[in-house]
Amino acid sequence: MLLPCPEFQKAFSNLFIKEEGWVFSSEEEKNEYGEFQKDLAYLHWFAILKLQNPLPISHKMGIMDSSKLVKGSTVYTCGSPFGSFYTDIFLNTMTKGILSNTSGDRSVILLTDARCLPGSEGGGIFLLEEGVLHLIGIIVAPLCWKTNEWVGLTVACSVSHILDNIRKILGRTGIALKNELRSLQLVDHCMPKVMGPGSVEHLMASVVLVDSGQAWGSGVLLSPKLVLTCRHVLRNSLKTMLIHFSIFRYQTIKGRVLFATEAFSPYDIAVVELDETIHDIPEPVLASGYCTGEDVYVVGFGAFGERCGPSVTSGMLSAVISVGNVPVMLQTSCAVHGGSSGGPLFAAESGQLLGIVASNTRDNSTGATYPHLNFSIPITIVQAAIQRYRQYGDLRSFGELNKAALAVQDVWRLQRSPKKVFQSKL
């Protein structure tokens, strides 16, 4: 049988706005299948297949209600990249990531940063809890592009919603599949919400959306009235609107720009003071050092803005670039996209604030972006200035960010010494 999931269709159209230029295929697929975009009208349809020869199953798999899921949970995907090509090689290929975001009625849309490839459509997304794998979603679109920007997230539909629609249809038609469905029972307990210093729920509470009126970006609350973000997010605006996301509601507060680095400074930083105090937010612990290879999270409002709250992507601290033994740039493998600028980079284990996201990487020859190669400004660069302002209300220390050495500027221009070098693709 074929059946639609109208809840997914409604949430999908609200999240992926057509005018923003969303594409869910590679350039090769678009060239090969000119009608591919028309298939978007059928993304919310699913097929139920009955095998003529049932397969032996050695273990029972649970199905978890998507409304119980928690952002930041570790997930696994299983699919067959490249479809029927070399099934003995690619069949049941596993990837690992986290639940980056959810959207729609009872979280019908699931977004994960687990890296999937074309051919994975129809594969499962699983959550491991107490040694048992639970099916939570079916992969719908492994590739996600916004204009020319690769978003680096996989789109899936909640299995619990698909099951609900199967039951609705069976109730109207009387199709005899009830015996097969008896084993597909939802897990009757919910995911525990861990609120420790390294938990994603705890970290998200300090992230804000920064709206300058021309564009949006992200920021992090250093205190109940102080926000750290990127200069380019403000777009030379003297006043900025901050939308603070909380689990229960949005709170909109105006802010005043206290300081922004000059355009020539390699450090793309701005400090905003709120007109009102935001209560009950966890102030992040500022890191004093970095460890290459440690697990990290990037939290921000990239790609979707306020439509589904902040997204979280996972990765590792790929490199710490130093000048004179002073860290001046952090490189991570987290997926970062437009709107993530100014968002915090956290250490996954300790929850410490490592820095703020400044940019991802673009190939100037094609215009394509690479979300998994991105750069953040170390928090240690501004830590002394933040401390001085908190104690004395003195902003002069921030002015030192405009006096960075030429070597630091070369790093942030993705250049090296000597100046005569082969042209980079970046």
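In the predicted model, F8, F12, F16, W22, F24 and F304 come together as one aromatic cluster. This cluster belongs to a structure in which a complete search finds 11 aromatic pairs. Among them is the pair of F16 and W22, an edge-to-face arrangement with 4.8 Å from centre to centre and 90 degrees between the planes. A pair of aromatic rings is described by two quantities, the distance of the centres and the angle of the planes. By that description F16 also pairs with F24: the ring centres lie 5.1 Å apart and the planes stand at 80 degrees, and because an angle over 60 degrees counts as edge-to-face, this pair falls in that class. The residues of these two pairs are withdrawn from the surface. Both F16 and W22 are buried. For F16 the relative accessibility is 5%, so the residue counts as buried under the limit of 20%. F24, with a relative accessible area of 6%, is buried as well.

Two members of the cluster, F8 and F12, also appear in helix α1, which comprises residues 6-15 and has F8, A11, F12 and L15 as its buried residues. Viewed down the axis of α1, these buried residues fall within an arc of 105 degrees, and they therefore line one face of the helix. An α-helix has 3.6 residues a turn, so residues three or four places apart point the same way. The cover over the buried residues of α1 includes the strands β2 (22-23), β6 (93-103), β7 (109-112), β9 (132-141) and β12.

Strand β12 spans residues 154-158 and contains S158. The relative accessible area of S158 is 0%, which means that this serine is buried. Its side chain takes part in polar contacts with two other serines. One joins the side chains of S158 and S66 at 3.0 Å, and another links the side chain of S158 to that of S160 at 2.7 Å. When residues up to four places away in sequence are set aside, S158 touches S66, S107, V108, L110, I136 and G137. S66 thus appears both as a polar partner of S158 and in this list of contacts.

S160, the other polar partner of S158, is among the buried residues of helix α4, together with V159, H161, I162, L163, N165, I166, I169 and L170. Helix α4 consists of 15 residues, 159-173. At 1.5 Å a residue this helix should span 21 Å, and its end C-alpha atoms are indeed 21 Å apart, so the expected and computed values agree.

Helix α4 also contributes to the charged contacts of the model. The structure holds 11 salt bridges, and D105, R106, D164 and R167 are linked in a network of such bridges. Within this network, R106 forms a salt bridge with D105, the closest N and O atoms being 3.5 Å apart. The side chains of R106 and D164 meet in a further salt bridge, with 3.0 Å from N to O. The latter pair links distant parts of the chain, as R106 lies in the loop between β6 and β7, whereas D164 lies in helix α4, 58 residues apart. D164 in turn forms a salt bridge with R167, for which the closest N and O atoms are 4.0 Å apart. Because D164 and R167 are three residues apart in helix α4, about one helical turn separates them.

The residues of this network have intermediate accessibility. Partly exposed residues lie between the 20% limit for buried and the 50% limit for exposed, so R106, at 34% relative accessibility, counts as partly exposed. D105 is likewise partly exposed, with a relative accessible area of 40%. For D164 the relative accessible area is 25%, and this residue is partly exposed. R167, with a relative accessible area of 35%, is also partly exposed.

The protein chain as a whole has nine helices and 24 strands. Of its 426 residues, 52% count as buried. Among the contacts in the protein chain with a separation of 6 or more, 64% are accounted for by residues 24 or more positions apart. The salt bridge of R106 and D164 joins residues 58 positions apart.

Notes
Residues numbered from 1 in each chain as written. Predicted model: local features only at pLDDT ≥ 70, side-chain atom pairs only at ≥ 80, totals over all residues. Heavy atoms only, no water. Helix = DSSP H or I, 4+ residues; strand = E, 2+ residues; numbered from the N terminus. Buried < 20%, exposed > 50% of the residue type's maximum accessible area, 1.4 Å probe, protein only. Polar contact = N/O pair within 3.5 Å; in protein donor to acceptor, adjacent residues only side chain to side chain. Contact = heavy atoms within 4.5 Å. Phe/Tyr/Trp six-rings, centres within 6.5 Å; stacked < 30°, edge-to-face > 60°. Expected span 1.5 Å × (residues − 1). Arc of directions from axis to C-beta.
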